[in-house]
Amino acid sequence: MNLLRFSAAFLFLRIAAQAHVGSPDVYLQGKAGPYQLFVTVRPPLTIPGVAELEVRSETPGIRELRAVPLAMTGAGAKFAPIPDALNVSPKDPRFFTGSLWMMTSGSWQVRLTADGAQGQGILSVPVPSFARSSKTMQFGLGAILSVLGIFLIGGLVAMVGAASREAKLDPGTQPSPTNLRSGRNATIVATVVVLAIVFGGNYWWNSEARDYSTRIYKPLKMSASLQGNELLLEMKEPGWMQAKTIKQAEFRVFTRKMDDLVPDHGHIMHLYAIRQPGLDIIYHLHPEQRETGSFALQLPSMAAGHYRLYADIVHANGFPETLVTELDVPAITSRALAGDDAYASTNPWQQSSGNTFVFTLPDGYKMEWVRDSQPLAANRAMSFTFRLTKPDGSAPPDMGLYMGMLGHAAFVKTDGSVFAHIHPNGTASMAALMLASGDTSQPAQPMKMDMPGMDHNMPMTYALPNSVNFPYGFPSPGRYRIFVQMRHSDTVETGVFDAVVSK
Amino acid sequence: MASISAQPGDLASLSRTTADVSAKTAAIPWYIWCASLAVTSAMVGGYWDISWHESIGRDTFWTPAHMAIYLCGVLAGIAFGYLILHTTFSKNSPLAEASVHVFGFRAPMGAFIASWGGIAMLTSAPFDNWWHDAYGLDVKIVSPPHILLIIGVYAVVVGTLVLLAGHMNRSRSSHAAEKKLILYISGVMLIQFMIVLMESTERVYLHLLTAYLVTAALPPIVLALASRLTGYRFAATLVAAIYTAFRIGLILVLPLFPAEPKLGPVYQQVTHFIPPEFPLLFIVPAFALDLLWQRTKNWNPWKLSLVSGAVWVLVFMAVEWPFASFLLSPASRNWFFGTGYLYFAMPPTSFLARNVFYPNSLSRLQFGLGILGAIMLATLAIRFGETRGEWLGKIKR
């Protein structure tokens, strides 16, 4: 049918930016009742499509684990389809796998129900669903379909010729010159008509492909400018999930808006400014919304340079986005860091030897990446543990929560293709987690004492542990920088670690 | 196919009639039965598949509905592939004399058309699979790979009709059995056409021009063809009756079987298979056409087509327009009209779930001109159907 496309014979993936940049997989650790689960959801490339699900239980005794996808908010959150039982690994009774259909773009949750020796428990995992790319046809399939297509076209034309030439003849008679001429004429007409149909089909295919491409996720466009020491951020809708016709509005479950942002652990925007190309200076700041789609922030004192800005926002239905832009900043002398602001400075990644495990902070404290010596591999779900110690190596007695959590981490690939802002419970935003768990009473207020990532076995003296862990997996091989924020007393510390990730 | 008119208790009469039936059916060769089975399988499979998507949602290549559809392609491919090879290479094939030549092969015309359809259907399978990979699993009927599949099915249907017509035109016996089978195959074709038109003729669209344009373009072809080819006085009515009975049958039967959605989002609670919509009232304009055609045998063909086109569009509108309002009313939400059955992912905000007609954006003048256009389409469709019916009445191979 579409000969032009059949000849485009290689697999071609377009990677779009997304909630987190270049890091679509969802990692989450949480409790389904009595069972502590580590969940990985790998969303599909196309929507509708199949998401892959992996769950490891740290608690023994789960007999059956079922999963069901449903919309986070709205009418689709009311009825659930039939849950699927996940498959238990024959080697490890605590490891479960399965697959789930994600049917529409928008804010989804995967609801896991665990049944076992200790009773039943439910864990809802927020999963933003969006089409990331399209595929062109592989050579082999293209070749087979091309041959079949040409055969069908040729066959159709030949049949019309035969029908006109011979079909009405009495059995046993030979076609006369008139019959032969009539057959030839019919063949010519049929060729023209069939070719017109093929070109019409090609046009149709292209318009379907164009229509699909408008459904491929595009984050809100963000532009940044400086007015004195004030940073101004303007958002623009690039035309994703906008219903243009009645029919689209009728069936579109989610239409992206700019006026529906909700605070995520206390801030409506989390802005990471990372100096390029060395990734040697990082600021974690919190611009305020002035009006719909417009944010501003009085910058703290900043070193001059070319910065890439990653802005994390969350829509009311829990759909998270990371907006990206770049900005040249002159040396700014301004206010000091305050409140939840965080900052770190180190040597450019190009000067780093590879993996680093210990980062000495400006006040002499040390942050350590606690891990085994196994090489890091892409797409492997891992738990990243970081520990903060005083200059003498002891645990600080005054550990505090940073925006309601034991820590925050940003995983940044040095080529700029990956940015992921991770919490101790995983890749999901707090706002989405609260929606998923059905807690809409306090949307995205800072979490109190009982939160994932904390050691729940500790005595209830309100002393916080000096280590934090993050569930995550590197999405692709390459060199990464990890920025980890923890707090003791009023000091927010940012540790910087380098990681080399193999295939 | 032949009627059995035995008196109760009259065994001799019964056995005679049975022998009569087998004599008549034996006259229709195996490959035509095979083709009839193939198109029936695709028809049932097609509607089953649509219901599957509306009730369960998730499928694989191996669902029974898909198997029924592809059985059509496989049957057509094997039966007609064999027929073509046998006619081409066997020295004493009975069909050798009554065959046409395509790519150096010899076989009756219909065998080539039907096997082409089988190949088109089988080609659509990997194409459709790739389409889902590239653009996501489609939740709509009208997509390029689906249309290739449907064209393949149509080709098997057309091939069956051509085989049947050729066989009928060559034989000297009474053509009663063949004509009845032609009527049935025409009904299958109309039912298949309505799969493609399903998305534009849902009840909420029945006050829009589109519904009257598409129903003018395709269904009259089948009715005119069947009427011309069989010469029956009520051929069009009977073909429309087959469509009506099949679709009502689905409303009665499908909800008897349990099914639950296996995909989200689920907006409507579904516990059983969801049937398609109540059939369009084609049977009324079809009856009007039969009455017209009985009285106008000597008319100029174009004049007849024009009047027939107008009768088709206007009578259909006159009955379907008010009936659509009934279908949106609570009175129709029952086991017979079946308007209470909704696709599980039909949003509560949708026109169907709210039982509200789609807003018409055309002015009265535009709508009127559109209906004139529909009459033109129906005229062409009827003329096309008649000429194809006449052609089928003459083919011998």
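# Group meeting talk: two chains and an aromatic cluster

Let me start with one contact. The side chains of E166(A) and R397(B) form a salt bridge, with N to O at 4.0 Å. Keep in mind that this is a predicted model.

That pair belongs to the boundary between the chains. Between chain A and chain B, three salt bridges are counted. On contacts, 54 residues of chain A touch 58 residues of chain B. Together the two chains bury about 5,100 Å². Carbon and sulfur atoms carry 70% of that area. Which three residues of chain A supply more of its buried area than any other three? They are L152(A), M159(A) and E250(A), with 13% of what chain A buries against chain B.

Now into chain A. It is divided into three stretches: domain 1 (26–129), domain 2 (140–213) and domain 3 (346–435 + 460–503). Note that domain 3 is written as two segments.

Look at domain 1 and domain 3 of chain A. Their C-alpha centres lie 26 Å apart. The contact uses 11 residues from domain 1 and 16 residues from domain 3 of chain A. The buried area there is about 1,100 Å², and carbon and sulfur atoms give 62% of it. On the domain 1 side, Y27(A), Q29(A) and F38(A) lose the most area to domain 3 of chain A. Together they make up 52% of what that side buries. How many salt bridges cross this interface of domain 1 and domain 3 in chain A? The rule finds zero.

Hold on to Y27(A). That residue is also part of an aromatic cluster. Its partners include F357(A), W369(A), F384(A), F386(A) and F411(A). F470(A), Y472(A), F474(A), Y480(A) and F497(A) are in the cluster too.

Next, aromatic pairs. Over all chains, the search of the whole structure finds 59 of them. Take W369(A) and F384(A). Their ring centres are 5.8 Å apart and their planes stand at 35°, so this pair is tilted. W369(A) sits in strand β21 (residues 366–370) and F384(A) in strand β23 (residues 382–389) of chain A, so the pair ties together parts that are 15 residues apart in sequence.

Are these two buried or exposed? W369(A) counts as buried, because its relative accessibility is 2%. F384(A) is buried as well, at 0%.

W369(A) has another neighbour. R371(A) lies over its face, at 4.6 Å from the ring centre. Chain B offers a similar case to look up. There, R383(B) lies over the face of W302(B), at 5.7 Å from the ring centre.

Last topic: the backbone of chain A. Two cis peptide bonds to show you. One runs from I47(A) to P48(A), with omega near -5°. P48(A) is in the loop between β2 (35–42) and β3 (49–57) of chain A. Another joins Q276(A) and P277(A), where omega is about 0°. P277(A) is placed in the loop between β13 (270–276) and β14 (281–285) of chain A.

Then positive phi values. H265(A) is not a glycine, yet its phi is positive, about 30°. Where is H265(A)? In the loop between β12 (261–262) and β13 of chain A. H265(A) is buried, because its relative accessible area is 1%.

M403(A) is not a glycine either, and its phi is about 50°. M403(A) lies in the loop between β24 (399–400) and β25 (408–413) of chain A. At 5% relative accessibility, M403(A) also counts as buried.

That is the tour.

Methods: Residues numbered from 1 in each chain as written. Chains lettered and ligands numbered in written order. Predicted model: local features only at pLDDT ≥ 70, side-chain atom pairs only at ≥ 80, totals over all residues. Heavy atoms only, no water. Phe/Tyr/Trp six-rings, centres within 6.5 Å; stacked < 30°, edge-to-face > 60°. Helix = DSSP H or I, 4+ residues; strand = E, 2+ residues; numbered from the N terminus. Buried < 20%, exposed > 50% of the residue type's maximum accessible area, 1.4 Å probe, protein only. Lys NZ or Arg CZ within 6 Å of the ring centre and 35° of its normal. Domains from an automatic or database assignment. Contact = heavy atoms within 4.5 Å. Buried area = accessible area lost by both parts, 1.4 Å probe.
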